[in-house]
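Subject: A structure for you to look at

Hello,

Here is the structure I promised to pass on to you. Please open it and keep it on screen while you read, as my notes follow below.

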Amino acid sequence: MRPMEHPLPLSFVLPNPADLPGLSLGFLDGSFEDLRDLLLRASTLTSNLNHDCSDLNHRLLHLRTDLTKHAVSWISTSLSAKVSFEDLRLNLESLLNLPTDSVGKQTNWELHQLVEELCRIQNRRKYFVTALKLESLVGDLEDSVFHHPISKRKGSTLQDLALKQERFSHAIKTMNQIEEILGDVTRHHSQWRRLVDSADSRVDKSLSVLRPQIIAEHRAFLSSLGWPPKLATSKVEHGDVDSIPNPLLLMQGDKKESYSQSFLLLCGLQQLNTHKEKRKKLHMPKENDNDGLWATDELVKPVASRMEYHFMKWADQPEFIFELVYKVTRDFADGVDDFLQPLIDRAMLVSCSAKEAWVSAMVQMLSGFLEKKVFPGLIDMYKEKQMKSEVISSWFHLVDQMVTFDKRMQSFVNSDTCLSYEGSSTAFSQGISVMGLFCKKPEWLKTWGKIELKDAYRKTKEDVKNDKAWVVDSERTTLGNESNTRSAKYVLSTREDYKAPLVADSFLNRTWRLIDHGLSLPAILPRIQFIRATATRFLWCIFKILLLEFKKTDLSHYILFEDTLIHACGPINAARYLESKLREWSDDLVFVEMWAAESSVKVDKKPEVSCQGCFFGEELKSLVELETNWLMEIITVFLHQFDNLCSDHFHNNAVSWEEDIITSSSNLTVSQGVAEALDNLRRHLCVLHVNMNPKDFLDLWRNLAEGLDHYVSRKFFSGDPVLRRKKFERFEVDAEALLTVLQPYCVRPGAFFPRVREILRLLRMHEEEKARLRGALSRNGNNCLRLFGISNLSAQLVEQFCRCY
C-alpha cells in the first residue's frame, strides 16, 4: 500500500516566487525540494534559524561590549597624551618667545611648524573623541527605538504603560545628551558641519519614530480616562452650554501618576524639539514662534472634533460659536491650571502658564475653524457683485464678534493678575487672539481693509450732505470766553472749544473706529499695514472734503463777505480740531511703538516719512499746510481790501490830504481815506473772532498785523517830498487809530507793528535828538540806529525822514 498523503491546509498560501528576493529564493530552493518537504522540515529549519539568530545577537552584544571597553581605554590613553601634548606645546611656545638672532631663525621656524602640527593633532583628537561619544549615544538611541518595537506592543495594563514610558524617557534623555554635544560643536567647531549633519540625520529618524509613539500612547490614555467630556446637547442646540465635569480632576492613584509621566514625556519631547530648532536656526531666528504646549494641544484636539459639529450648524450665527468656546474654555481653565501647572513646574518649563496654554489652544482651535470653514466662503461671496452688500454686513458682524471675543479672553486670562488695564483695545498675544488669523492671511487683511474704508467713506459722504453738517455753533464758546481769562481761553480740548462743525466729530469717530479695529490685531506690522490702508487713507479723503468745502467760499464777493467768512471758518475749525486730535493720538504709547517699528522696517513708507517725528507726521504736515494756505488766503483778501479803500489816501493826490477829518468816538482825528478801511477791518475781525477757533484767529490777526505794518510803512515813505511831509504830520493820528483796531485782541498792539512803532518814535523825537540822529547817520551809518531804538527801518528810510524834517 502507498503511504497516506497529508492533505494541505486550505489557509496555507505561498508567496509568489517573482516577489521574493534572489537570495531568499535561492535559500528556499536549497533547503526544500518540494511542497511535502517544506511541510516536514519547516519547523526544524525555523528552530535552527532562531538558534543562529540568538548566537549572532550574543556575539553582537559581546562585540559592542569589547568596543566600549577599547573606546574607554583609548580615551583614557588619549587624555594622558593630550596632557603631554599640551605641556609640549606650552614649552615650545615659550621657546619661540626667547630672543633670537639670524642663526636661530631657522630653528624658530621649525619650532613654529611643530607647534602648528601639534595643534592640528590635538584638534583631530577632539574630533575623534566627540565622534566616538556621538556614535555611542546615537547607537544607544537607535537600540532603544528600533530594537524594541514599542509601537507594536499594545499594553493593556498600567504596568505595561509604565514600561513603555520608562523606555521613552531613556530615549529622550539620550537625545538631550546628543543635543548638548551638538550644540557645543555648533558653537565652537562650526567646521565640523558634516559630523553634526550625520548625527542630526540619524537622530531625526529615531525622533520620527518615537514622537508618534509617545503621542499615540498619550491619546490612548486620555481616551481611557473618558476625555473629551460630552457636551450638554440639550442646551447646546439653543446656543448654551451646561457646566461640564472635568475628567482630569477625577483621576486618582496610579492613573494620575501615569498621566503625569505621559504629560512630562510630551513636555520633554517638546523641549528637545525647541532646542533643536534654536540650534538649527541660530543664524536665522524666526520671530513670534507660538507653538503652544503640545500636551495641552492634545487635550483640545478631541474637544474640537466634538465642538465642530455645533459650529457647522451655527455658521450664520457666529455669536453662538464664540459663546460656546468661551464657555468651555472658562469651565475647564481652573481645573487645567490646578492639575497641570504643578506638572509644568516639574518639567521646568520656564515662563509657561497652564491656564494661558489652555486658552491659547482653544483660541487657535477656533481660529483654525474660521480659517478653513468660514472666511473662504465669505471671500468667494465678496467676489460676486450681487452678494457684496450681504457679505459686508456678515463680515462686520463676524469681525465684531472676534474683537469682542479677544477682549473677553484677555480679561479672563488677566483676571488674576494686574497686567491689564481697563479700556485697552490692543490684543495681548498672537497666540491668544483669534484676530491673529488676519496676521497669517495678508490677503484677507487687505480685503478687510477695503471693506472698512469703503463703508467709512460712504457713511461720511452721507454725513457731509446734511444741511447742519458745517454749522459752527459759537454760542457756547462765546459765553464761555466772557468768563474765562485771556490765557485760559486758548486751552482747547473739545469740539465746541475749537468751534468746529458737527461733521468734525463724525470724521474723528469714523477714523478712530478704523484705528481701533487695527489695534485689535496682535502683531505690530499687520496692525500698521491695516491702519495705513484704512485710517490714513480715510484721513486723506477727509482732507479732500475740507479742501472742496473751503473752495466753495467766494472771498472776492464783497457784498456777502461776512457770510463768506463765517462759511470759511467751518473747514478751518474742523482742520484745527483734527490736527489737535491727531497730535493727541500720536503721543499715545501705542502709536509711538508703531512709529518706531515703522521707521525701522519702513513698511509701505518712503524713507523720508519717518523724519516727521510721529505716526501721523505726514498727515499733520499736510493738514497744517492746508490751514496755513487758507489763513493766508483770507489775510491776502483783507490786505487787498485795505489797499483798495486806502489807495486814494496814499496816492500822490494833494487834495485828499486836505479833506475834512472825521472825529472818532475816542476823540482821535482820523483821515477820511483811512477811516472806512479801518472800520471794514474791525467788522471783519469781529466776525472771525466769534466764528473762528482762538488759535487760528491768533495766527490770523498777528500775520495780518505784520502785513499791515509792511504796507503802511511802505506807503508812508512813498511819494514826492512835499506830500511826504504832509503824510508825516497826519501819520501819527492814523497809526494810533490802526493800533486801536487791534486793541481788543492784545494788551500792546504796538508790539505787532514794529515799523509803525519806530516811525512814531521818529515823529515824536525832539529837535535835539533828531540833530544827534542826523550826525550819527553821517558818521556811522546803520551802526548807530540801535542806539536810538530803531532796528526795523533801514538807514536810507531814516535819512529820507531826516531830510523832510
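What is the mean pLDDT of the protein, and what share of its residues reach 70 or more? This is a predicted model, so that is a good place to begin. The mean is 80, and 79% of the residues reach 70 or more. Confidence is highest in helix α16, at a mean of 95, and lowest in strand β1 (residues 662-663), at 42. Two stretches to view with care are residues 1-12, where the pLDDT is below 50 and the model has five contacts beyond near neighbours in sequence, and residues 233-239, also below 50, with 13 such contacts.

Now for the overall picture. The protein has 805 residues, and 44% of them count as buried. Its secondary structure comes to 26 helices and two strands. If you take the contacts between residues at least 6 apart in sequence, 76% of them join residues at least 24 apart.

Next, the aromatic rings. A pair of rings is described by the distance of the centres and the angle of the planes. The count comes to 31 aromatic pairs. One of them joins Trp 314 and Phe 320, with 5.6 Å between the centres and 70° between the planes, and this pair is edge-to-face. Trp 314 has a relative accessibility of 4%, so Trp 314 counts as buried. Phe 320, at 24%, is partly exposed because its value is not under the 20% cut-off for buried.

How are the rings of Phe 438 and Trp 448 arranged? Their centres are 4.7 Å apart and their planes meet at 25°; stacked pairs need an angle under 30 degrees, so this pair is stacked. Phe 438 belongs to helix α12 (residues 436-440) and Trp 448 to helix α13 (residues 442-464), so the pair ties together parts ten residues apart in sequence. Both Phe 438 and Trp 448 are buried. They also belong to a cluster linked by ring pairs, together with Phe 375, Trp 395, Trp 444 and Phe 530.

Trp 444 has a charged partner too: Lys 441 lies over the face of its ring, 5.4 Å from the centre. A similar arrangement is found where the charged end of Lys 355 sits over the ring of Phe 412, at 4.5 Å from the ring centre.

Please also find Asp 200, in helix α5 (residues 193-225). Is Asp 200 buried or exposed? Its relative accessibility is 5%, and buried means under 20%, so Asp 200 counts as buried. What does its side chain touch? It makes a polar contact with the side chain of Lys 276, at 3.2 Å. Leaving aside neighbours within four places in sequence, the residues in contact with Asp 200 are Leu 182, Lys 276, Arg 279 and Lys 280.

Last comes helix α15 (residues 502-519). This helix has 18 residues and reaches 26 Å from its first C-alpha to its last, close to the 26 Å expected at 1.5 Å a residue. Its buried residues include Val 503, Phe 507, Leu 508, Leu 514, Ile 515 and Leu 519, and also Asp 516 and His 517. What covers the buried residues of α15? The cover includes α11 (388-413), α13, α16 (524-551), α17 (561-586) and α18 (589-601). You have met α13 already, as the helix that holds Trp 448.

Enjoy exploring, and write back with any questions!

Best wishes

Definitions and conventions: Residues are numbered from 1 along each chain as its sequence is written. Side-chain values use heavy atoms; hydrogens and water are left out. Rings of Phe, Tyr and Trp (its six-membered ring) pair if their centres lie within 6.5 Å; planes under 30 degrees apart count as stacked, over 60 as edge-to-face and the rest as tilted. Buried means under 20% relative accessible area, exposed over 50%, partly exposed in between (1.4 Å probe, protein chains only). Helices (H or I, at least four residues) and strands (E, at least two) are DSSP runs, numbered from the N terminus. A charge sits over a ring if NZ of Lys or CZ of Arg is within 6 Å of the ring centre and within 35 degrees of the ring normal. A polar contact is a pair of N or O atoms within 3.5 Å; within protein, one must be able to donate a hydrogen and the other to accept it, and residues adjacent in sequence count only if both atoms are side-chain atoms. Contact means heavy atoms within 4.5 Å. The expected span of a helix is 1.5 Å times one less than its number of residues. pLDDT is the predictor's confidence in each residue, from 0 to 100.
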